[in-house]
Amino acid sequence: MDLSSINPILLIASIMVSATPILLAAIGEMVVEKSGVLNLGVEGMMITGAVVGFAVAVNTGSPGLGFVAAALASALLSLSFGFLTQYLLSNQVATGLGLTLVGLGLSSLIGKPYEGMKSVTLPKLHIPLLSDIPVLGRMLFSHDIMVYLSLALVVCVWAFLKYTRAGLILRAVGESHDSAHALGYKVVWVRLMAIVFGGACAGLGGAYLSLVRVPQWTEGMTAGAGWIALAIVVFASWRAGRVAVGAYLFGGVTVLQLNLQAAGANVPVALLSASPYLITILVLVIISARGAHGAPASLGRAFHASS
């Protein structure tokens with residue numbers, strides 16, 4: 001095994017790209033769960049965003065429009081989940097799993113004509129002064145705009161939940177929807193807005209996969225990224241900063257195993273490929289063994305105004 005073939009500058013840069021789609025999906029799902037809703041349809045929303053974003057970008061020649069379309073499509077898909085769970089009071093777990101199946105089937109149908117095509121991608125940004133810093137400039141300050149928007153989104157979500165009245169209301173709904181309703185807050189509307197926001201973020205994450213990370217459409221290209229995003233929310237104990245750490249850790253493991261394969265590591269390729277998922281499962285087992293997770297008290301519980 002020749003470890004000297006692994007370029008640390010490219011490794012760090014690749015980690016930032018690899019972590020971005022998972023970070024976008026995970027931070028959106030964290031907001032949804034903070035409102036007391038468990039949406040297991042992240043994978044379906046991501047794959048829908050991936051195919052819609054790719055189709056729009058190919059037909060318009062604009063990756064920016066592709067990202068907008070992806071966010072809207074996934075937000076619309078999440079709205080169907082919101083209607084079923086918040087108005088018809090369907091089971092959140094079953095409905096979320098159904099959403100994933102719908103998203104996978106829909107993406108397969110829409111994406112069939114686009115298989116094998118290449119898409120325009122986002123250009124790399126040149127940040128004055130920062131991009132010119134030796135080593136660090138190439139590692140940290142020469143990425144596309146979505147990398148930095150994902151990090152900015154983490155800061156915005158953290159500030160929103162901690163310092164704003166709307167964020168306090170959302171957290172109150174997630175902790176005790178009956179108490180929030182008694183105080184006059186519209187629990188269903190708060191949760192619907194959180195669900196739509198989470199869907200839009202998942203769509204952006206999916207579009208990043210098909211427009212930047214691998215600028216082409218391949219059926220099933222999310223490859224479990226939505227499930228990893230769900231796991232990261234638990235790993236992060238529903239805290240925005242930890243969500244970013246979890247996404248970058250998973251992105252790091254994913255990129256590292258690819259580099260180890262290229263370096264000729266004397267480890268079965270199948271084991272290296274499975275390592276990010278195995279590590280995620282291990283972390284979740286450890287967290288579960290600790291007992292207290294910090295989950296919102298009303299997470300997954302249906303709300304009805306007359307209850």
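Is Cys201 buried or exposed? Cys201 is buried, at a relative accessible area of 4%. Buried here means under 20% relative accessible area, exposed means over 50%, and partly exposed is in between, with a 1.4 Å probe and protein chains only.

Before going on, the ground rules. This is a predicted model, with residues numbered from 1 along each chain as its sequence is written, where local features need pLDDT of at least 70, side-chain atom pairs count only at pLDDT 80 or more, and totals for chains, interfaces and linings use all residues. Side-chain values use heavy atoms, with hydrogens and water left out.

Back to the cysteines. A disulfide is a covalent bond between the sulfur atoms of two cysteines. The criterion used is a pair of cysteine sulfur atoms within 2.5 Å, and by that rule the count is zero disulfides. Why does Cys201 have no bond? Its closest cysteine sulfur is in Cys156, 11 Å away, which is too far for a bond.

Next, the aromatic rings. The search covers the whole structure and finds three aromatic pairs. Rings of Phe, Tyr and Trp (its six-membered ring) pair if their centres lie within 6.5 Å; planes under 30 degrees apart count as stacked, over 60 as edge-to-face, and the rest as tilted. I will describe two of the pairs found in that search.

One of them is Phe54 with Tyr114, an edge-to-face pair with 6.3 Å centre to centre and 85° between the planes. Phe54 lies in helix α2 (residues 42–60) and Tyr114 in the loop between α4 (92–111) and α5 (136–140), so this pair ties together parts that are 60 residues apart in sequence. Helices in this talk are DSSP runs (H or I, at least four residues), and strands would be E runs of at least two, numbered from the N terminus. Phe54 counts as buried at 1% relative accessibility, and Tyr114 is buried as well, at 16%.

Another is Phe83 with Tyr87: the ring centres are 5.9 Å apart and the planes stand at 35°, so the pair is tilted. Both residues belong to helix α3 (residues 63–87), where they are four residues apart, about one turn of the helix. Phe83 is partly exposed at 45% relative accessibility, and Tyr87 is partly exposed at 44%.

Now Asn39. This residue sits in the loop between α1 (8–34) and α2, and it counts as buried at 1% relative accessibility. What does the side chain of Asn39 reach? It reaches the backbone nitrogen of Gly41 at 2.8 Å. Contact means heavy atoms within 4.5 Å. Leaving aside neighbours within four places in sequence, Asn39 is in contact with Glu29, Val32, Met45, Phe81, Gly96, Leu99 and Leu230.

Gln216 is found in the loop between α9 and α10, and is partly exposed at 23% relative accessible area. Which residue lies 99 residues from Gln216 in sequence and 6.0 Å away in space, C-alpha to C-alpha? That is Met117. Outside its neighbours within four places in sequence, Gln216 is in contact with Phe54, Met117, Lys118, Ser210 and Met221. Phe54 is the buried residue from the edge-to-face pair. The side chain of Gln216 also makes a polar contact with the side chain of Lys118, at 2.8 Å. A polar contact is a pair of N or O atoms within 3.5 Å; within protein, one must be able to donate a hydrogen and the other to accept it, and residues adjacent in sequence count only if both atoms are side-chain atoms.

Two backbone angles deserve a mention. Most residues other than glycine have a negative phi, and most peptide bonds are trans. Ala223 has a positive phi of about 50° although it is not a glycine. Ala223 is in the loop between α9 and α10 and is partly exposed at 45% relative accessibility. Ser237, also not a glycine, has a positive phi of about 55°. Ser237 lies in the loop between α10 and α11, and it is buried at 9% relative accessibility.
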